[in-house]
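Let's take a walk through this structure together. The sequence and coordinates come first, and the report follows.

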Amino acid sequence: MTLSVSVQHHFGGFTLDASFEAPAGVTALFGSSGSGKTTLVNAVSGLLRPDQARVEVGGRLLCDTEKGLCLPPHKRRVGYVFQEARLFPHLTVRQNLHYGRWFSKTRGSDAEESRLVEMLGIGALLDRRPGALSGGEKQRVAIGRALLSQPLMLLMDEPLAALDEARKAEILPYLERLRDDTDIPILYVSHSVAEVARLATTVVLLDKGKVLKTGPTEEVMSDPALAPAIGLREAGSVLSATVVTHHDDGLTELAAAGAKLFLPRIGGNPGDHVRVRIHANDVMLSLDPPGRVSALNTLPGTVTSIRTGGGPGAMVQMQAGDDQILARVTKRSAAALDLKPGTECYAIVKSVSVARADIGAGDQSMAKSDTTT
Amino acid sequence: MDFLSPEEWTAVALSLRVSFWATLVSLPFAIFVAALLARRDFWGKQLLNGIVHLPLILPPVVTGYLLLMTFGRRAPVGAWLYDTLGIVFAFRWTGAALAAGIMGFPLMVRAIRLALEAVDPKLEQAAGTLGASRPWVFVTVTLPLILPGIIAGAILGFAKAMGEFGATITFVSNIPGQTQTLPSAIYTFLQVPGGEASALRLVAVSVSIAMGALILSEVLARRAQKRVSGA
């Protein structure tokens, strides 16, 4: 099922003009605050009535202002998970979960419900009221409530933003399982690169109300032209890697970017796919194969583009195997090394973090692993 | 009951009946008007707000006289009601209930409006995305959340109705068994020599009913509040 969205809306000097397609899986609406992410999601949900819009999901037209059609929220069958859980305080967890069922014509099976309750780990909470739940528990119930309303798509507006790191780590595995278990499009609003790198299949990069780029996560994240919009400190490449083996000295060997990457032990079996993230700031470039350095991870490749801005820095993209790697160096170094497209060089990677582990819950997927020494 | 004479007892029973119906009938209107004032912007909102509050500010005698001019047998509305529906307010207990309801109305609207304004519209939005239409959102989310305010408003309205004197006596007079409510009865007993004992007994009844209502409302509101706060 695919969601296709096209929205134009003006308010208070801000113009939103965005179109994109979201296939099944997680599509991240990514951008800094004020880029129009929430406005866009609200237009999809019907909570906002845009000046002009066309929203269609799986062949079902939800809104087409040209035809004068714009369904109210309750007729759109969207599951909306808000930043704050917005559970109904006067209902128990079970009643909250069943709320959408009172209004939906198609009713999910009890088996499906118990599977979801188990997946979200909220079985023990069913008879409690929302006031007695922790932030993470509330958000899990909110996700369950949205899913049990038999939605055609799931909208998540920074569902983790109000939670601390521990709670985030508690929920992320559930979101990953959700992504892999359902076939409805999930729109995920976020301004966190880490969340996007971990969850998203597709990224829609928004800036000042416009779509800068839509594409697979690896491609969008590794585009040097988009680094300013993503944030220079956060910019970095996202690579697909395969677990090769676990070594006796505590390191895990991954195959990525046409080379080997070593990380402190992560979960998973040889052959499992993981997604790793390399910050552009954590990459050094060398024209010669590095000799006696402590860095374990050096990736040979070819420079594909160099972007410079007003500042002293330069964002260098290089092709290594099938992947792109971003390196942030100074303009001075780029000139000294005479870097230009086609230059063969080596990326010395100071640290790699596992952005996404398709290995199931319980691993330390978000732990940043430093492999410098 | 031995404590009260039949005459006194009649007044008490009538007052309870008048207040009960006054509260029950005006409550839905009060919720509607409160929702209008709290949630909608429309032309004449301030005017409506003013009219609703009028009984609170005007001398009760004036309210009673206005009611008489509107709902009396020969008054425009009163005549129409009698001709088409056969309803008579003037000098009947129903008129006492109307007067009591109107006097308590602003108190009810204020309490319910405050509760409505405290409801987080985000919860109502969430209910909408889960498939609930506007009326259903109101019934399943808004109404339960403002229940403490409704209870408080209803008790206030009831207490006001029990104590209403000026508008009632002006509109429907002071007919024993028909329109002689508790305050009118106390007033009457105080006018006749040797009526102090009766008046005192009725005062005691009046105080206990008022206190009882207050305690009941506290208990109910607290219970509802606990439910609403989700603990």
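A good place to start is a sheet in chain A. Five strands make up an open sheet in the order S16-S20-S17-S18-S19 (chain A), and their pairing is antiparallel. At its edges are strand S16 (283–286) and strand S19 (323–330) of chain A, each of which pairs on one side only. From one strand to the next, the twist averages 45°. Two strands count as paired if DSSP finds at least two bridges between them. Helices (H or I, at least four residues) and strands (E, at least two) are DSSP runs, numbered from the N terminus. Angles run from 0 to 180 degrees between N-to-C directions, with axes as lines fitted to C-alpha atoms, for helices over the stretch in contact.

Before going further, a word on the model. This is a predicted model, in which local features need pLDDT of at least 70 and side-chain atom pairs count only at pLDDT 80 or more, while totals for chains, interfaces and linings use all residues. Residues are numbered from 1 along each chain as its sequence is written, and chains are lettered from A and ligands numbered from 1 in the order in which they are written.

Back at the sheet, S16(A) runs antiparallel to strand S20 (residues 344–349) of chain A, and four bridges join them. Within this pairing, Ser286(A) has Tyr346(A) in S20(A) as its bridge partner.

Now for chain A as a whole. Its secondary structure comes to nine helices and 22 strands. Chain A is as compact as a globular protein of its length, because its radius of gyration of 22 Å is close to the 21 Å that the globule rule gives for 373 residues. That radius is taken over C-alpha atoms, and the globule rule is 2.2 Å times the number of residues to the power 0.38. The domain assignment, automatic or from a database, splits chain A into domain 1 (3–221) and domain 2 (236–370). The C-alpha centres of these two domains of chain A lie 32 Å apart. In an unreviewed UniProt entry, the annotation "domain: ABC transporter" covers residues 2–233 of chain A; such annotations may be inferred rather than shown by experiment. That span is 31% helix and 28% strand, with its end C-alpha atoms 33 Å apart.

Chain B is built from eleven helices and zero strands. Its unreviewed UniProt entry gives "transmembrane region" for residues 20–38, 50–71, 91–116, 136–159 and 199–221 of chain B. Two of these spans are set out here.

| Span of chain B | Helix | Strand | Distance between end C-alpha atoms |
|---|---|---|---|
| Residues 50–71 | 91% | 0% | 21 Å |
| Residues 136–159 | 96% | 0% | 31 Å |

Along its principal axes, the C-alpha trace of chain B spans about 70 × 45 × 30 Å. Of its 231 residues, 43% count as buried, whereas in chain A buried residues make up 47% of the 373. Buried here means that 20 or more other C-beta atoms, placed from the backbone, lie within 10 Å of the residue's own.

Where do the chains meet? The contact takes 19 residues from chain B and 21 residues from chain A, with two residues in contact if their C-beta atoms, placed from the backbone, lie within 7 Å. On the side of chain B that touches chain A, the elements giving two or more residues are helix H6 (121–129), helix H7 (134–145) and helix H11 (196–229) of chain B. The largest share of that side, six residues, comes from H6(B).

Methods. A residue is buried if 20 or more other C-beta atoms lie within 10 Å of its own, exposed if 12 or fewer, and partly exposed in between; C-beta atoms are placed from the backbone.
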